[in-house]
Structure formats: structure tokens, C-alpha cells
Amino acid sequence: MQNKGLITVFAILFGLVSLYQLSFTFVANKVEDDAKAFATSKFDVTQSAERQVAESQYLDSIATETQFFGIDYKTAKEKELNKGLDLKGGINVILQVSVKDILAGLANNTKDPAFNQALANASELQKNSQNTYLESFFEAFEALPGENRLASPDIFFNKGLEGQIESSMTNQEVQPVISRKVDESIASAFEVLRKRIDKFGVTQPNLQRLGNSGRILVELPGAKDVERVKKLLQSTAQLEFWEVIKEETIGNFIVDADAKLKEILAVKKETDSVATDTTSSKEGDLSDLLGGQNVEEDNSAAEANPILSKILPVRASNPGFASFALKDTAAINEYLRMPQVRALLSGDQRFAKFVWSIPEFNTTVGEEITSLYAIKGNRDDIPQLSGGVIVDAQQSYTQAGRVSVTMQMNGVGAKIWEDMTEYAYNNQTQIAVVLDNTVYSAPGVSSGKISGGRSEITGDFSITEAQDLANVLRAGKLPASADIIQAEVVGPTLGHEAISSGILSFVIALIIVLLWMIMYYGKAGTFADVALAVNILFIFGILAGLGAVLTLPGIAGIVLTIGMSVDANVLIFERIREELAKGKAQRDAINDGFNNALSSILDANITTGLTGLILLIFGTGPIQGFATTLLIGICTSLFTAIFITRLFIDAYTKNGKSLSCATPVTKNLFKNVNIDFLGKRKMSYVLSGILLTISIVSLFTNGLNQGIDFVGGRTYTVRFDKDVNPLDVQNDLIAAFESAEAKTYGGNNQLKISTKYKVDETGSDVDQEIEQMLFTALQSNLPAGMTYESFVADDDSKVAGRMEYYKVSPTIADDIKTSSFWAVLGSLVVVFLYILLRFRRWQFSLGAVVAVFHDVLIVLGVFSLTYKFMPFNMEIDQSFIAAILTVIGYSLNDTVVVFDRIREYFNEHSSWKMSNIINSALNSTLSRTLNTSLTTLIVLLSMFILGAESIRGLIFALIVGIVVGTYSSLFIATPVFFDSVKKRGIDLSEKKEEEEAAK
């Protein structure tokens, strides 16, 4: 081998760099273990919140102290090997920024009927379209009858777009401008989210824009306060300042409204007479009513005074003109929105808005209460002052020691604030600070106008809530609403368990493979084992250096890489054995063995790499992690198998030492095998035909168990403190959700629960409602005394409750399904073209693609036939698609090795019949085929038995695929190739290929 010195230096340097990159992970893990030990010594297992605080304080205190070779914890944490959600816990969401809201904003919320009809039609088109919302809007607008112009003064030819859109522009000319403005708004939303998350304190966050669809991926590994994260991501931060209508002014309206409602409800009830008396007259103001007798909350009082009977005799700490029980707010809102009631507002009050304060628990009445404010609105519903003027915001404290948020406004805002406070002082009114349609505070102005633009929001904040509010205000508001259309929440307990099971299965698989290589190939197997260890070091070093994320499927990808690395060495050692059997000198046999195996190694790895590349492009989240490790593993496997193993072999044999690449047990194994594969092809065709028929019939009758990735819905992993019967639990869930499914997931004390209840609704309030219903339905099986808060909480010591949560909206489910289809189809096309290019004969491509279709259909058939009774998850989801693509790559790996040998034998034995050439090629590669398949199966079985439950379905698909793929490479791909050339013949000579290449 040439350039040994250069390769040796490169390998040593690469190894040292990998060790250096991994040292950061070692330091970070050691310090965090010390922090956990410190927290455990201070607080017991029931004080999880206190433990987390103690851990954080410990880590903060030693963040800049040197730990190892000049590396401190802060630096190590920034450069450690990133762990994904499934290994660390945390939250992963895809947010859909509402392009509909952006378009409405660009059109100044126009009432133009054509524009609004186009928005509605675009929403309908989106249900069955892969276009972006903006493309659907343009399509819907063009489809409207009549001459409708986007440059109309009622749509986009307005002051906000002045200089960018002219009235003379055609629709085609306006579209690029609107596309650019929408893209700017989405970019703005991305920056707002990035600023919020940067201040949140999560290490290694990941934010990505997903194409031009308005979707933003947010990954926060290690985030434990999931509800806080959701609020942070979805809060629109619509901060507004409004003048409050005085209590005595609005009081008369409330009394009149109450009387009007009494009439409306009486008519609606269709009673003959009204049998109630009013409990108060219109005389006096509302403050007299509040100080008077307590109102009984019974039916007769509610009918007599629909509003007044619900007013509480206590006042909230943030008092409006009246306080109500939180449970009554929906009814009050409905009453105050009635046109007959709104008609009672006159003069300046006719645009009045009614807004609630932050709810709080009142000990006197024993429930949550909230106050109602009347604020002075206007025809356009635009506040005098909004949050856009805020340039800075900080968590602070009032003079009384209450938590608050202080804000600083820009020059424009400061002038408006000065005018508002002067008016409030002169008229003795209040200014309501309204955030996302909730009144946080409504201070009066007691000392004249406030100059300088500094203001303060007070409320019943915790320090964390105030910090988050300041963060949101400082980052700015989102330009449009952002809904969570896909979410995955993994508790830290599951993450720790996944790491433990992943490492255990990885180590056991590695030990088995290392021993197998030594047992089968002797000293050469030892050299291959060293190369394999170096390969693993390189993989983890590259992952750490690139900042890639290691996921549970990623570990599966590394384990699969072990099998592929072994395959390259097996190909080399088998070729060396063949050359030695021909009587060649050892040195020549080694050279020819490496040279002859190189073509097959490259072809096999390139075909697998192509499928991995497609998976990387079309996959998301953990599946990209699988593809990343697979692709990195392919590259490092090639280097270590071809160069590192060669260095050791050359160093060992340079003084004439014998290297047979075998042991006494395996020396003659498969040596004189002479199986007539082609003679058995009819039998194999019949067998495959039966299997394919069964698979296709099952697919049409049983179908597949499609996961929520493809159909949408919500899935929860719930752990109990005892074994539970999934059917009994499922019946309880169906009673609550109408449609639900519960399956044992791992142990008998853990269930995977799926439901499509309110699948089309994506708000965080809906998520919370469903989780509350889930908790109620499961309460009889949960530990005694468990509260809803502890059920959904995420902490390291959690032993029961919701452990994992996954949500996919139908919109993105359709996109995932479409992407998966194109990924599988694309991989088949790419592989067909590669084999056609590599072997220059369409018959080779035909054989390979038929074998791949055969393998994929049988894997699908096995899943269709067995998903109803298998004791593990067999849903068709993104992980399954990853498995299918890997099966495609692996099947081609086997097939290409055989095809390479057929072409080689054709040139070496030109006088042989084609049937002899093919049978000889299959027999000569049989040892490699079975050896590689067995080692890979051993690795996968280790992962299947000992690995995490979440990837068991993926591993099972790979196991079935490798068994079927090995069979098809021997009995399907090559026989199909033979049948396509046996009548007309084929010329595979190198001379013929050179002539065609020249042409």
C-alpha cells in the first residue's frame, strides 16, 4: 500500500482530534454527576423541584472553574456531544406561523369580500394540497369570478405597502411582492422565537425554518417545564394600553343589561309569566350593590339577575368594576356579546371592550375568581399604545416588594404614554395594561403625567413568570399567531432509561461481533476488531465535532454501521482467502484481495449511502439522526476497513509471518460449496409468489397500523405503579374521548395511549383540556393521591404518570405521508439509475429493483399480518420508513456484491455458460453473504431484546428486511437478471464496456 506514513499520521491525528472532541462530553457528564450527587445529599427523592434548583446552583457556581486540561464546565457544555430528546428528555415542536394572519395584516384587515373569500377557499385547498398556504391563496384568488385585483385599494394597494405596490400592477406583478413580505414576516417570527429561546436557558437549542411553508422546528433537549415552554413559544405578546371606563359610568349599563337579559331569558324559556322579582333597582351605582347583601347563587336568583347574581361580594387583588367566579366567565362573555345587550351602550361607550384580569384563588369563596374591566375601545379596535414601542423589559420588584416587569419605551411611545397618563391624571381614570387580551394591571396616575416612557406591569407573578414576560416583551411580538402542529415531549426518566438500554445493547452487540471476527478469521479478525474500535471512535468524534444530535435511532444507525464495517472486512478477507487458494504468494494475495474487494465495497456502500442521503433530506428529528450516523458510519467504515486494517496486516506480514484469514474451524467452511441456485429459481419464484400474494391480500384486508405521523392525533406514554389491563383502560378512555386506543408498551405497567379527539384543534388550551381528561379517565389506575400537576410534571425521579407525549396535526400528517412516499420512490429511482450507470446494463437494474420491491412488500406484509398481536409497537411511522429505506440499501448491498462477481467471472471465464457463471458467482460470495447477514442480525437482535421500546418496531423491520434481503439477493435478483438475458444473451466484457464508454 502506498503512502502508509501519510495514512498513519492522518489516522493518529484524526483519533486524537476525536478524543479531544469527546473530552468535552466526559467533562460535562462528570460535573453533572457531581451536581446530582450534591443535590441528592441535600434533598430527598420527594423534593424534585428543590433538587433541580440545587443542581443548577451547583453548576452555576463552578461553571468557569477548570476541570480537565484547561476545560471548564461552561466550555464543555457548549461543545459536548448533543443528545436528542429520546436520550435526554425535552420538547420538540413544529410551529405553523399563520400566513393567513400575515396576509390579513398586509391588507390592513380589509373587509373586501373577494379577499376574505380567497382566504377561506385557500384554507379548504390546504386540506388536500402540498402547496404552501400562500400558493393556495393566489390560486383561490385567481379562481374567483369577476375581475379581482390584488392591487386594489381595498386589498394590498395601501399605505403600509406604499412604494412597493402600485395600483397599475397586475396580479402576477403583485404576487412576488407579497411573497417577499410574507417571507420577511416568517423570518421575523423566527428571530422573535430565537431571541425568546436564547433567554430561556436551555443548552443546545435547535431552531430551523422548514422550507417556505411558514413552519419552524424548535428542539429543546433537557427542557423540563414543558408548559412554560409552550407558553413561551405560542405567546403572541400583544401588549396594549387602554383607557379604563370608570366604575360609576359603566355601572348603569350593567344594571340595564341585567334587566334586558332577564327579559331575553324569560322569552327564551317560553314561560307564561316571570315569577321572579328584581333584587335591586336601577337607582344608585354598582358600588352600592357590591357593598350590599350577599346574593344567593340559586336558580331563581340567576334567572332574576343573570349578571348581578354572579357578582361576588369579594374583590380580586387586581380589581375591575366587579369580580366573578372563573367558572362564570364564559356565561358573562356570552351575555355581554349579545346584540340586544350591546345596543344599550351609547355615546363613547358603544365601542367598549370587556376584558378579564388574571385569575387568582380566593380563600373566602374557596375558588378561583377574576375581575371584569370595561375599557374604552374604538371603531377600528386599535389601542392608543401597543407593545411595538417597547425597547427593553426587565423583571423587577415594586416598592412593596412584589414581583413586577419594568418597561422602557422608544421616543414615539414615550410621547403617547405621557399624553395618556396626563389624561388619566386629569380625569382620575386608570390605564389598563393588557397582554394577550388579559388585564395584568390597571394603575391610576396619582402624580401627574409620566415622562420618559418608563412603565411597570404588576400582577400575581412568580419570578419565573415575570422573567418570561420580560423576555417575550423584549424579543417582541410574533407577527402572526403560531400554532403547534407537531409536538413531542419526552420525560427525563424515559431519556435516562433509553441511554442505559442503548449503551447496554450497543456494548453486548459489539462484544459479540468482536469475538465472532476473531473466531472466524483469527489474527485477521483481531486487526478488523481494532479497525472497528477506531471506526466507532471516529463516528462519535465526528458527531461531537459537527454538533450533530445523537438520538436513539442514531444509536441504531451506529450499531448497523458496525455490521457494515464488518462487511467490508469480510469482503477483503474472503478475497484474500480466494487468492491464497489459487496458490499466490501471501503478499500478492493480500494486494489482490484488497484490490478485488474494493469495487464491491464501494458499490455496496454507495447504494446504502444514497438511501441514507434521501432519508436525511426527507426525514425529520430522530430519523435525521439515524441518517446522519449512518452516513458518517459509511465514510468512516470505508476508511478504517480499507486503510486501518491494511496497515495492521502489512505490519504483521512484512517479516514473512503467515496470515491465513481463517481458523482451523473455519478454514474449509464454504470452500467446496456448489449449489445450483438457478436450478432452484422456479421453486423460489413460487415461494416468493405465495409470500407476496399473502402480503398483498393482508395489506388490502388488514391494512397497516398507521401511526399518528400519518393520520394525525395525540399519543401518550403513561406509566403506572402496578400492572394494568389495557382493555379495561381503553374502555375508560373511550368513555371519555369516544375514540381511543391503549396498548401495552414495554412492561405491563406502561401503556401507549392514542386518540384523535379534537385532532383538528391545535391550541395549547386544547392540549391541556385533553391531558386533564386523560388524567381523569386514568385516575382509578394511578397512584393514590396523584394530582394532575404531578401527572404531567417532568422530573428525574418520576415513577408514574405521563412519561411521553406526541402530537401531529392532520395537515402535517399528510405532508409526512407524502414525503415518505417520495422518499421510498426516490430511493428506488436513484438506486436503479446508479446500478444502470455502474453496470451499464438495464438487466442488472431490473433484477435489483424487482428484489427490492419483493423485500419491501414482504416487510409490509409481515407488519400487516402481525401488528394486532405482537407485544410491541408496530405502527407505520417515520421510523418504519427509515427501516424500509435501510432495508432497500442493505438488500442492494448484497445484490451488488453478487453482480460485481458475475461481471468479474464473465471476463475471467469467457467460455463458460451464463448459468455456470452466475452459480459460481453466488457460491463464491455465499460465505461473505451469510457471514455479514449473521453478524448484522446478531447486532440487531441485541438491540431488539435489550434496547428501548420506542425503537423495537424499527429494529424488527430491519431484522425481517435483512432476512428477506439475504434470500432475495440469492434467489430473486440474480435469477431475474438471468431470465432477462438467457434468450438474447449479454456481453459483459470489459472491452465492450470501454467501447460504450468511449461512445
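A residue is called buried here when its relative accessible area is under 20%, exposed when that area is over 50%, and partly exposed in between. The model discussed below is a predicted one, and the terms just given apply to helix 30 from the outset.

Helix 30, which spans residues 914-924, is mostly covered, since 8 of its 11 residues are buried. Those buried residues are Met914, Ile917, Ile918, Asn919, Ala921, Leu922, Asn923 and Ser924, so the list includes asparagine and serine as well as nonpolar side chains. Because an α-helix has 3.6 residues a turn, residues three or four places apart point the same way. The surroundings of helix 30 are helical too: its buried residues pack against helix 19 (552-581), helix 29 (878-908), helix 31 (926-946) and helix 32 (952-981).

Helix 32 appears again in the nonpolar interior. The largest nonpolar core has 134 residues, and among them Phe573, Ile835, Phe880, Ile888 and Ile955 touch the most other members; helix 32 supplies the largest share of this core, with 18 residues. One of those well-connected members, Ile955, is in contact with Ala556, Leu940, Met943 and Phe944 once its neighbours within four places in sequence are left aside. A second core, separate from this one, contains 73 residues, including Ala122, Leu144, Val177 and Ala189.

Charged pairs can be followed in the same manner, for the structure holds 26 salt bridges. One of them joins Asp567 to Arg928, with the closest N and O atoms 2.7 Å apart. This pair links distant parts of the chain, as Asp567 belongs to helix 19 and Arg928 to helix 31, 361 residues apart, and both residues are buried. Helix 19 and helix 31 are also two of the helices against which the buried residues of helix 30 pack.

Where do the side chains of Lys327 and Glu367 meet? They meet in a salt bridge, at 3.0 Å from N to O, which again links distant parts of the chain: Lys327 sits in the loop between strand 8 (322-325) and helix 13 (329-337), whereas Glu367 is in strand 11 (residues 367-375), 40 residues apart. Lys327 has a relative accessible area of 61% and is therefore exposed, while Glu367, at 24% relative accessibility, counts as partly exposed.

A further salt bridge is formed by the side chains of Glu769 and Lys758, likewise described by an N to O distance of 3.0 Å. Glu769 lies in helix 25 (residues 764-778) and Lys758 in the loop between strand 22 (747-755) and helix 25, so this pair ties together parts that are 11 residues apart in sequence. Glu769, with a relative accessible area of 29%, is partly exposed, and Lys758, at 27% relative accessibility, counts as partly exposed as well. Elsewhere, salt bridges that share partners join Arg575, Glu578, Arg901 and Glu904 into one network.

The last region to consider is an open sheet of 3 strands, whose order is 13-14-17 and whose pairing is antiparallel. Its edge strands, each pairing on one side only, are strand 13 (390-397) and strand 17 (454-458), and neighbouring strands of the sheet are turned by 25° against each other on average, direction ignored. Strand 14 (residues 403-409) pairs with strand 17 in the antiparallel sense over 5 bridges, and Val405 stands opposite Ile457 in strand 17. Helix 15 (residues 411-427) lies across strand 14 and strand 17, running at about 115° to strand 14.

Definitions and conventions:
Residues numbered from 1 in each chain as written. Predicted model: local features only at pLDDT ≥ 70, side-chain atom pairs only at ≥ 80, totals over all residues. Heavy atoms only, no water. Pairing = 2+ DSSP bridges. Helix = DSSP H or I, 4+ residues; strand = E, 2+ residues; numbered from the N terminus. Axes fitted to C-alpha atoms, helices over the stretch in contact; angles between N-to-C directions. Contact = heavy atoms within 4.5 Å. Buried < 20%, exposed > 50% of the residue type's maximum accessible area, 1.4 Å probe, protein only. Core = buried A, V, L, I, M, F, W, Y, C linked by side-chain atoms within 4.5 Å. Salt bridge = Lys/Arg side-chain N within 4 Å of Asp/Glu carboxyl O.
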